[in-house]
Amino acid sequence: MNPVIEIDKESGFCFGVVTAITKAEEELERGGTLYCLGDIVHNSDEVERLRRKGLQTITHDELRTLKNVKVLLRAHGEPPETYRTASENGIEIIDATCPVVLKLQQRIKAKFDAMKNDPEGAEQIVIYGKLGHAEVNGLVGQTEGTAIVVEDIVGLDKIDFSRPIALYSQTTKPLEGFNAIIEEIRRRIQPGVGFCYFDTICRQVANRVGHLRGFAKDKDVVLFVAGTKSSNGKVLYNQCRDVNPRTYLVANETELRKEWFDGASSIGICGATSTPRWLMERVRDALTAYATDNG
């Protein structure tokens, strides 16, 4: 076994995650205790690396019990309630909300506030996204919990198609899925009823789909490195596997299986927007060591 091993240059942290981790590391270097509300990124290896540096992950329930401490808000964003709790408890917020997510929150809140001033023309705010996802929870919070979250076409049954609809999307959802939702709403909505939609998908994430499909298609074997909690990882992994059935999802180098690489002359390594570069490099090094040991 002596395959060519290539790490995809465009895989790894998106700029929102880079910013959040940079802010965490800078604050940790200043000393003192720093808490993070939820895993800073959906990758347990990176969370553990930062834990060793002193970053303590907490839940929303734990946030309500803390006073006069520093808490970092990750790139996913938070609902208004989180900021109110922090203010009431004297908590200093280090806000690492991704600018793309923050802009989306502001747009949804502006729409919701306008609706409150004109209840007769109120639209149903619909969010295409994953139920319970941290970003989606933050978006729904801008509407005082009234937004309708749909994960797929089936979820559209929650909508009243006799009333106006304003559609938004979680920033990391696939464009093709969003377009399918748009077309289905157009098909079902009653004549004369208003429907507007806003493409709020992050292009840095969306543009990876086509690139990764090309990357995976050209390799004998592909290793997709991602944490088990990463929604983006599952989507991108499935895109790779769609064009290359010899694509394997691994959390880190300990999950590699030698039989995957039988007869392979090229191996590609790629990952999610929550996958650190150092982790992909560690997978590469493990493969290199295996190739050396086996001649």
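This report describes the overall make-up, the sheets with their helices, and selected residues of a predicted model.

**Overall make-up**

The protein contains 11 helices and 12 strands, and its C-alpha atoms fill a box of roughly 75 × 55 × 25 Å when this is taken along the principal axes. Of the 295 residues, 51% are buried. Among the contacts with a separation of 6 or more, 71% are between residues 24 or more positions apart.

**The sheet β7-β6-β8-β9**

One open sheet consists of 4 strands in the order β7-β6-β8-β9, with parallel pairing. Its edge strands are β7 (148–150) and β9, each of which pairs on one side only, and the twist from one strand to the next averages 25°. Strands β6 and β7, which run parallel, are joined by 3 bridges, and Tyr 128 has Val 150 in β7 as its bridge partner. Helix α5 (residues 99–117) packs on this sheet, where it touches β6, β8 and β9, and its direction makes about 165° with that of β8.

Within helix α5 is Gln 105, which counts as buried because its relative accessible area is 4%, under the 20% limit. Once neighbours within four places in sequence are set aside, Gln 105 is in contact with Gly 77, Glu 78, Gly 138, Leu 139 and Gln 142.

Helix α7 (residues 175–188) is another element in contact with strands of this sheet, since what covers its buried residues includes β6 (124–128), β8 (165–169) and β9 (195–197). The helix has 14 residues and reaches 20 Å from its first C-alpha to its last, close to the 20 Å expected at 1.5 Å a residue. Which residues of α7 are buried? They are Gly 177, Phe 178, Ile 181, Ile 182, Glu 184 and Ile 185. As general background, an α-helix has 3.6 residues a turn, so residues three or four places apart point the same way. Phe 178 also belongs to one aromatic cluster with Tyr 128, Phe 195 and Tyr 197.

**The sheet β1-β12-β10-β11**

An open sheet of 4 strands, again with parallel pairing, has the order β1-β12-β10-β11. Strands β1 (4–7) and β11 (247–250) stand at its edges with a single partner strand each, so one side of each is left without a neighbour in the sheet. The twist here averages 20° from one strand to the next. Strand β1 pairs with β12 (residues 266–271) in the parallel sense over 4 bridges, and the bridge partner of Val 4 in β12 is Ser 266.

Two helices that lie across strands of this sheet are set out below.

| Helix | Strands it lies across | Direction |
|---|---|---|
| α9 (residues 208–217) | β1, β10 (221–225) and β12 | about 160° to β12 |
| α10 (residues 231–243) | β10, β11 and β12 | about 160° to β11 |

**Strand β2 and His 42**

Strand β2 pairs with β3 (residues 55–58) in the parallel sense over 4 bridges, and Leu 34 has Leu 55 in β3 as its bridge partner. From β2, Leu 34 and Cys 36 point one way while Tyr 35 and Leu 37 point the other way, and all are buried. In general terms, the side chains of a regular strand alternate between the two faces of the sheet.

The loop between β2 (34–37) and α2 (44–53) holds His 42. Is His 42 buried or exposed? At 15% relative accessibility it falls under the 20% limit and therefore counts as buried. Leaving aside neighbours within four places in sequence, His 42 is in contact with Arg 74, His 76, His 133, Gly 227, Lys 229, Ser 230 and Ser 274. Val 140 lies 98 residues from His 42 along the chain, and the C-alpha atoms of the two are separated by 20 Å.

**Aromatic rings**

A search of the whole structure finds 7 aromatic pairs. One of them is the edge-to-face pair of Trp 260 and Phe 261, at 6.2 Å centre to centre with 75° between the planes. Trp 260 counts as buried at 11% relative accessibility, and Phe 261 is buried with a relative accessible area of 4%. A further ring, that of Phe 215, has Lys 219 over its face at 4.0 Å from the ring centre.

Technical notes:
Residues numbered from 1 in each chain as written. Predicted model: local features only at pLDDT ≥ 70, side-chain atom pairs only at ≥ 80, totals over all residues. Heavy atoms only, no water. Helix = DSSP H or I, 4+ residues; strand = E, 2+ residues; numbered from the N terminus. Expected span 1.5 Å × (residues − 1). Buried < 20%, exposed > 50% of the residue type's maximum accessible area, 1.4 Å probe, protein only. Contact = heavy atoms within 4.5 Å. Phe/Tyr/Trp six-rings, centres within 6.5 Å; stacked < 30°, edge-to-face > 60°. Lys NZ or Arg CZ within 6 Å of the ring centre and 35° of its normal. Pairing = 2+ DSSP bridges. Axes fitted to C-alpha atoms, helices over the stretch in contact; angles between N-to-C directions.
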